[in-house]
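This briefing introduces one protein structure to a reader who has not met it before. Please keep the sequence and the three-dimensional view at hand while reading.

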Amino acid sequence: MHMQAAALALATACRMVLAVDPRTVPLTSTKCSAPNRATGVTKDIEIKYVDINPQAERTLLMVHGWPGLWHVWREQIEAFKDDYHIVAVNQRGFGGSEHPGDLETSNTMGDLTGDLTCVLAHAKVEKAICVGHDWGSQVCHEAARMRPDIFDGVIGYAIPYLPYDSPFTPMSRLIKLLPTLSYNLYFSDKTAQATVELNRDVRRTLRATLRTVNTPPPTGFLRSTDSFLRAWDTIEVIPPIPFFSKDEENYWVEQFEAHGFNYTFGFYTAGTRYGSWALVQSQGNQTIPQPVLSILPTSDPVADWVSAAKLLKSADHTPQLTVKTTVAAHWLQMEKSAEVNVFMQEWLDVHYPVRKRESEEEKHKKDEL
């Protein structure tokens, strides 16, 4: 306990205000095969990703959720880039990565796993630890379940493993139990309306979404099935994103203004949800035998994920599960970066240790001796 506290204090003291300047990080891209089930046509879509320190012996594949970009991992990139190969993707439909065009049925967990394996092949990576946030967490869990030959382990931020081991449940039934998931139904059933609403003022949309425990959204946020932003109507100017610099916020605004939210709702559509469920049923396997680290926030406005994990019996399907919690809202990897990075480092040291690269100061001390 004392060692963890010391590590956390050191990480906090060393944290940079701007860990990774997004404008200076080059994006690599590759073409990945993607079916459009609405048209029956398979096309090659461009998937963009960040590739850092490819010479390292182990790879961390970082996968964002909604809304997201590779840059949600800025603090983890800064913390782990010297010792690990970092591959951070812009998922299909985000940040210039293309989408096959069918949100209703062509965004399943199988499709997204295919994108990840395609990126890893292009980056010449045979095995990786999948690190996901939000929907990216579920993508990583499913990728590890489907392709244990490629994915050695999973680190899931915010969302626990959500096994597809029960009958398919329409979102309209789920929101009766969890009204804060109402926005899911809005994105699914009124996708065109949601696209117009969120694209109208991208900065306002992003500021409304990326909040912290100390800068929470209004109580009614996420509880509407016909608007995403209505709960903010009484607030003329939403405060800036608390964990971004002005330049970082501008970068996100530019990315979403350039590409829009148009093809970002594929996680939510009924056809995609059913397609993911049906795929798992056909494969008949719900277990992830690899080591899994689940880092959950205790103050997420979306849901109580600690209780959800128990209700869904996530641990029954992840025999090598480690669970950590932190007092944070949904974007814990940025809000509590120092603390969660310690969780991540300790877990990696146990399951996937690497030879640490010496700093220049350490080399200098050795030379003096």
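Among contacts in the protein between residues at least 6 apart in sequence, 79% join residues at least 24 apart. The model discussed here is predicted. Its 369 residues have a radius of gyration of 20 Å, which agrees with the value near 21 Å for a compact globule.

**Overall build**

- The protein contains 14 helices and eight strands.
- The C-alpha trace spans about 70 × 50 × 40 Å along its principal axes.
- Of the 369 residues, 55% count as buried.
- The accessible surface amounts to about 16200 Å², and carbon and sulfur atoms account for 54% of this area.
- The protein carries 36 positive and 44 negative charges, and the mean positions of these two sets are 4 Å apart.

**The nonpolar core**

- The largest nonpolar core comprises 105 residues.
- The residues with the most contacts inside this core are L60, L61, W66, I155, F187, F228 and L348.
- Leaving out residues up to four places away in sequence, L348 touches L60, F80, Y84, I129, I155 and P353.
- Two of these partners of L348, namely L60 and I155, are themselves listed with L348 among the residues with the most contacts in the core.

**Helix 8 and its cover**

- Helix 8 covers residues 202-209 and is mostly covered, as seven of its eight residues are buried.
- The buried residues of helix 8 are V202, R204, T205, L206, R207, A208 and T209.
- Helix 7 (191-200) and helix 9 (246-259) are included in what covers these buried residues.

**Backbone features in loops**

- W66 and P67 are joined by a cis peptide bond, with omega at about -20 degrees.
- P67 is located in the loop between strand 3 (59-63) and helix 2 (74-80), while W66, on the other side of the cis bond, is one of the residues with the most contacts in the largest nonpolar core.
- L222 is a residue other than glycine with a positive phi, near 80 degrees.
- The loop between helix 8 and helix 9 holds L222, and this residue counts as buried because its relative accessibility is 7%, under the cut-off of 20%.
- K313 is not a glycine either, yet its phi is positive, at about 55 degrees.
- The loop between helix 11 (305-311) and strand 8 (321-326) holds K313, which counts as exposed because its relative accessibility is 52%, over the cut-off of 50%.

**S33, an exposed strand residue**

- S33 belongs to strand 1, which runs over residues 28-36.
- With a relative accessibility of 53%, S33 counts as exposed.
- Apart from residues up to four places away in sequence, S33 touches T42, K43 and D44.
- S33 and Q333 are 300 residues apart in sequence, and their C-alpha atoms are 31 Å apart in space.

**P100, a buried loop residue**

- P100 sits in the loop between strand 4 (85-90) and helix 3 (109-122).
- P100 is buried, since its relative accessible area is 6%.
- Not counting residues up to four places away in sequence, P100 touches A34, P35, N36, K43, I45, R92 and S106.
- K43, one of the residues touched by P100, is also touched by S33.
- From C-alpha to C-alpha, P100 and V41 are 8.9 Å apart, although 59 residues separate them in sequence.

**R273, a buried helix residue**

- R273 is part of helix 10, which consists of residues 270-283.
- The relative accessibility of R273 is 17%, so this residue counts as buried.
- Beyond neighbours within four places in sequence, R273 is in contact with F168, T169, P170, M171, L174, F267 and Y268.
- The C-alpha atoms of R273 and N107 are separated by 8.7 Å, while the two residues are 166 apart along the chain.

Technical notes. Residues numbered from 1 in each chain as written. Predicted model: local features only at pLDDT ≥ 70, side-chain atom pairs only at ≥ 80, totals over all residues. Heavy atoms only, no water. Core = buried A, V, L, I, M, F, W, Y, C linked by side-chain atoms within 4.5 Å. Buried < 20%, exposed > 50% of the residue type's maximum accessible area, 1.4 Å probe, protein only. Contact = heavy atoms within 4.5 Å. Helix = DSSP H or I, 4+ residues; strand = E, 2+ residues; numbered from the N terminus. Rg over C-alpha atoms; globule rule 2.2 N^0.38 Å. Areas by Shrake-Rupley, 256 points an atom, 1.4 Å probe, with all protein chains shown as cover. Lys, Arg positive; Asp, Glu negative; His and termini not counted. Charge placed at Lys NZ, Arg CZ, Asp CG, Glu CD.
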